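Colleague: Got a minute to walk me through this model? I'd like the overall picture, then a few spots in detail.

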Amino acid sequence: MKLLRIIMRNCKPLFFIPIIIAYCLLPGVSAIKYFYVDPSEARSTFIYMAQVFIPLCGLLWPMGYLHVWVEGDGCEALRACTKYHKTCVGELLLLCSAYLLMVFPTITFAVIMFHLSWLEYMRLALQFSIIINFLYFMIMLLKNVTIGCIPVVAYLLLCFYISGSADFASFSIIAPNLPAEFSNWNTLLVVFSSSLLGLLLGYLLDRFWYKYL
């Protein structure tokens, strides 16, 4: 609960954007298309919107927390008062798990209504984990949340641009035009493995930074 209050205070209205998108925008737009346009188009729309919005909006909560840990007023005192751990990895992973649980009912809705595979949720979880691992590494490397987010967001935008290209699709972890069954799982797993190295490096940088506070 303390973590939630910190994020809400730091993100302000931005805290509710992922919730609004997950529970209103995605199911609302898809349901309208399902009943008034065409069920197959509604299915494609949901997949596309989920691939675009869920990874991007998933950055907001971790950014809010990491801002407190890295740049917030009294962040040195926060670190100094931490008795049992010297990094924010535990809280960050807990926060990311909370986000994935938050979007789970939306994916359940899509699985039931649009007959999606549960692989769609696994794909989103992998994508989100990759993004957060690299985000943590970049922020710890640069010691600035805003600057650290720029390359991560730039890569996501690049993924949206190149995902439809047959020549460059293998470099993209986002496939908004394809169901999860036809996504490039080899690319996802390779990039996820690389992102774990980024998480480890971010952890070491976090510990190193703490040591010299």
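Modeller: Sure. The protein has nine helices and zero strands, where helices (H or I, at least four residues) and strands (E, at least two) are DSSP runs, numbered from the N terminus. Along the sequence the pattern reads α-α-α-α-α-α-α-α-α.

Colleague: Before we go on, what are we looking at, and how is it numbered?

Modeller: This is a predicted model, where local features need pLDDT of at least 70, side-chain atom pairs count only at pLDDT 80 or more, and totals for chains, interfaces and linings use all residues. Residues are numbered from 1 along each chain as its sequence is written, and side-chain values use heavy atoms, with hydrogens and water left out.

Colleague: Fine. What percentage of the residues count as buried?

Modeller: 47% of the 213 residues are buried. Buried means under 20% relative accessible area, exposed over 50%, and partly exposed in between (1.4 Å probe, protein chains only).

Colleague: And what share of the contacts comes from residues 24 or more positions apart?

Modeller: Taking contacts with a separation of 6 or more, 73% are between residues 24 or more positions apart. Contact here means heavy atoms within 4.5 Å.

Colleague: Let's do α3. How does its length compare with what it should span?

Modeller: α3 covers residues 39–57, and its 19 residues should span 27 Å at 1.5 Å a residue; the end C-alpha atoms are 26 Å apart, which agrees. The expected span is 1.5 Å times one less than the number of residues.

Colleague: Where does α3 bend?

Modeller: At Ala50, by about 30 degrees. That bend is the angle between axes fitted to the seven residues ending there and the seven starting there. Ala50 is also one of the buried residues of α3, which include Phe46, Ile47, Met49 and Val52.

Colleague: Which helices do those buried residues pack against?

Modeller: The buried residues of α3 pack against α2 (17–36), α4 (60–70), α6 (89–114), α7 (119–142) and α8 (145–162).

Colleague: New topic: how many cavities of 30 Å³ or more are there?

Modeller: One, with about 30 Å³ of space in it. A cavity is a set of points on a 1 Å grid over the protein atoms alone where a 1.4 Å probe fits but cannot get out, and lining residues have an atom within 4 Å of a point. Grid points are joined across faces, edges and corners, and the volume is the space filled by probe spheres set on the points.

Colleague: Which residues line the largest cavity?

Modeller: Pro18, Ile21, Ala22, Leu26, Phe53, Ile54, Cys57 and Tyr99. The elements giving two or more residues to that lining are α2 and α3, and α2 has the largest share, with four residues.

Colleague: How does the lining divide into nonpolar, polar and charged?

Modeller: Eight nonpolar, no polar and no charged. In this scheme Ala, Val, Leu, Ile, Met, Phe, Trp, Tyr, Cys and Pro count as nonpolar, Asp, Glu, Lys and Arg as charged, and the others, Gly among them, as polar.

Colleague: OK, on to single residues. Is Leu59 buried or exposed?

Modeller: Leu59 counts as buried because its relative accessible area is 3%. Leu59 sits in the loop between α3 and α4. Beyond neighbours within four places in sequence, Leu59 is in contact with Ile131, Ile132, Leu135, Val152, Val153 and Leu156. Ile131 is 72 residues away along the chain, yet the two C-alpha atoms are separated by 8.0 Å.

Colleague: What about Val145, buried or exposed?

Modeller: Buried, at 5% relative accessibility. Val145 lies in helix α8, where Gly148, Cys149 and Val152 are among the other buried residues. What covers the buried residues of α8 includes α3, α4 and α7. Leaving aside neighbours within four places in sequence, Val145 is in contact with Met63, Leu66, His67, Glu71 and Ile139.

Colleague: And what does Asn133 touch outside its neighbours within four places in sequence?

Modeller: Phe192, Ser195, Leu196, Gly198 and Leu199. Asn133 lies in helix α7 and is buried, with a relative accessible area of 5%.

Colleague: Last one. Which residue in the loop between α6 and α7 has a positive phi without being a glycine?

Modeller: His115, with a phi of about 55 degrees. Most residues other than glycine have a negative phi. His115 is exposed, with a relative accessible area of 64%. Lys143 also has a positive phi of about 55 degrees and is not a glycine. Lys143 is in the loop between α7 and α8, and is partly exposed at 45% relative accessible area.

Note on methods:
1 Å grid on protein atoms, 1.4 Å probe; cavity = no way out; pocket = protein on both sides within 12 Å on 5 of 7 lines; lining within 4 Å.
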